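User: I'd like to understand why things in this model get the labels they get. Can we go through some of them together?

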Amino acid sequence: MAYQLLKGKRGIISGALNEDSIAWKIAERAHEEGATFTLTNAPLAMRMGEINHLAEKCGAKVIGADATSIEDLEKLYDESIEFLGGPIDFVLHSIGMSTNIRKGREYGDLNYEWFLKSLDVSALSFHKMLQVAQKKDAIAQGGSVVALSYIAAQRSFPDYTDMAQAKAMLESIARSYGYHYGKAKGVRINTVSQSPTKTTAGTGISGFNAFYEYANQMSPLGNATADDCADYVITLFSDLTRKVTMQNLFHDGGFSCVGISEEIVEKMEKQ
Ligand code: NAI
């Protein structure tokens, strides 16, 4: 159901790689809710061209930008403001990548160049997006910025390796920048800590199916899907959450508050 929650709002949505991407679902919902926006991704990720189908459906412009490049981000804001006809009301950071995870490196055997790359792509890029925006005064008064995180920032998940540190940094940037941008222009900055979700980035983590099922059986509401996440993020972009900022908001069916569930007890007792 659509409520026109984003009617008249202008946005930038990063990270829509394919139909499974959380950002893809958020773009579809933002369109339904009356927003206009640009779509962005790393030039390399756009070579399959899937993003063009989404852009067509949503009347969006696609702007290639490597989120670690200041120059690309400057171009992203300039072209977005020009295309949309005014300052930006909402920004989605939906970007994550770890070469250590891709190449199956264990926590005690990480490649540090790749570690730094994980931090740059998955966390520092969030600061860069915010700093470039602020220097250009690209975000409107009371705008809203959301990045997607995971509970490995707080708890240990063995196969999440260096992405755990990246997510901890991402959440910390939301708190620090939330203060500064809030004071300067009333801009809200939050992270949403999402359930395991079957996407390209998600399923790339070894043991994904096991912790997807585990989280599902631990959570009283079950795992939150990418569509559920889109609904939640839309509320954060809307005017209904004007005083929510600097938070890490768990969107996980209750997982983060459960010690053990009956389903897991039953399974353990059978062993
Ligand atoms: P996805 O693979 O569809 O999206 C990740 C995106 O990051 C891709 O579109 C990719 O092209 C983009 N990206 C990578 N390097 C980039 C760069 N240098 N510049 C610009 N973009 C770049 O996967 P998903 O799951 O939708 O990921 C989106 C966000 O959600 C990520 O931050 C991820 O960590 C987070 N998340 C995912 C969960 C899951 O289980 N799938 C759970 C919790 C959070």
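Analyst: Sure, and keep in mind that this is a predicted model. Let's start with Glu263, which counts as partly exposed because its relative accessibility is 42%. Glu263 sits in helix α10, residues 262–270.

User: What makes 42% "partly exposed" for Glu263?

Analyst: Buried means under 20% and exposed means over 50%, with partly exposed in between. Glu263 has 42%, so it gets the middle label.

User: Which residues gather with Glu263 in a patch of negative charge?

Analyst: Glu262, Glu266 and Glu269 join Glu263 in that patch on the surface. Glu counts as negative, so "negative charge" is the right label.

User: Why is strand β4 called largely enclosed?

Analyst: Strand β4 covers residues 88–93, and six of its six residues are buried, so the rest of the structure largely encloses it.

User: How do you know which strands β4 pairs with?

Analyst: Two strands pair if there are at least two bridges between them. β1 (residues 10–14) and β4 have three bridges, in the parallel sense. β4 and β5 (residues 139–149) have five, also parallel. Look at Leu92 in the model: Ile13 has Leu92 as its bridge partner in β4, and Leu92 stands opposite Val146 in β5.

User: What makes Ile139 count as buried?

Analyst: The cut-off for buried is under 20%. Ile139 comes in at 1% relative accessibility, so buried it is. You'll find Ile139 in strand β5.

User: What makes the pair Asp231 and Arg29 a salt bridge?

Analyst: The Arg nitrogen has to be within 4 Å of a carboxyl oxygen of Asp or Glu. For Asp231 and Arg29, the closest N and O atoms are 2.7 Å apart, and they form a salt bridge. Asp231 lies in helix α9 and Arg29 in helix α1 (residues 22–32), so the pair ties together parts that are 202 residues apart in sequence.

User: Are those two buried or partly exposed?

Analyst: They get separate labels. Arg29 has a relative accessible area of 12%, so Arg29 is buried. Asp231 has 37%, so Asp231 is partly exposed. Both also belong to a network of salt bridges that includes Glu32 and Glu33.

User: How do you know that Asp78 and Lys136 form a salt bridge?

Analyst: Same kind of check: their N to O distance is 3.0 Å, and the limit is 4 Å. The pair links distant parts of the chain, with Asp78 in helix α3 (residues 70–84) and Lys136 in helix α5 (residues 112–136), 58 residues apart. Asp78 is partly exposed because its relative accessible area is 40%, and Lys136 is partly exposed because it has 34%.

User: What labels do Lys128 and Asp120 get?

Analyst: Lys128 has a relative accessible area of 16%, so it is buried. Asp120 has 18%, so Asp120 is buried as well. Their side chains meet in a salt bridge at 2.9 Å, N to O. The whole structure holds 10 salt bridges.

User: What makes the phi of Gln4 worth a mention?

Analyst: Most residues other than glycine have a negative phi. Gln4 has a positive phi, near 60°. Gln4 is in the segment before β1 and is partly exposed because its relative accessible area is 40%.

User: Where is Met246, and what is its phi?

Analyst: Met246 is in the loop between α9 and β7, and its phi is positive too, near 65°. With 29% relative accessibility, Met246 counts as partly exposed.

Definitions and conventions. Residues numbered from 1 in each chain as written. Predicted model: local features only at pLDDT ≥ 70, side-chain atom pairs only at ≥ 80, totals over all residues. Heavy atoms only, no water. Patch = residues over 30% accessible without salt bridge, like charges linked within 9 Å, V, L, I, M, F, W, Y side chains within 5 Å. Areas by Shrake-Rupley, 256 points an atom, 1.4 Å probe, with all protein chains shown as cover. Charge placed at Lys NZ, Arg CZ, Asp CG, Glu CD. Helix = DSSP H or I, 4+ residues; strand = E, 2+ residues; numbered from the N terminus. Buried < 20%, exposed > 50% of the residue type's maximum accessible area, 1.4 Å probe, protein only.
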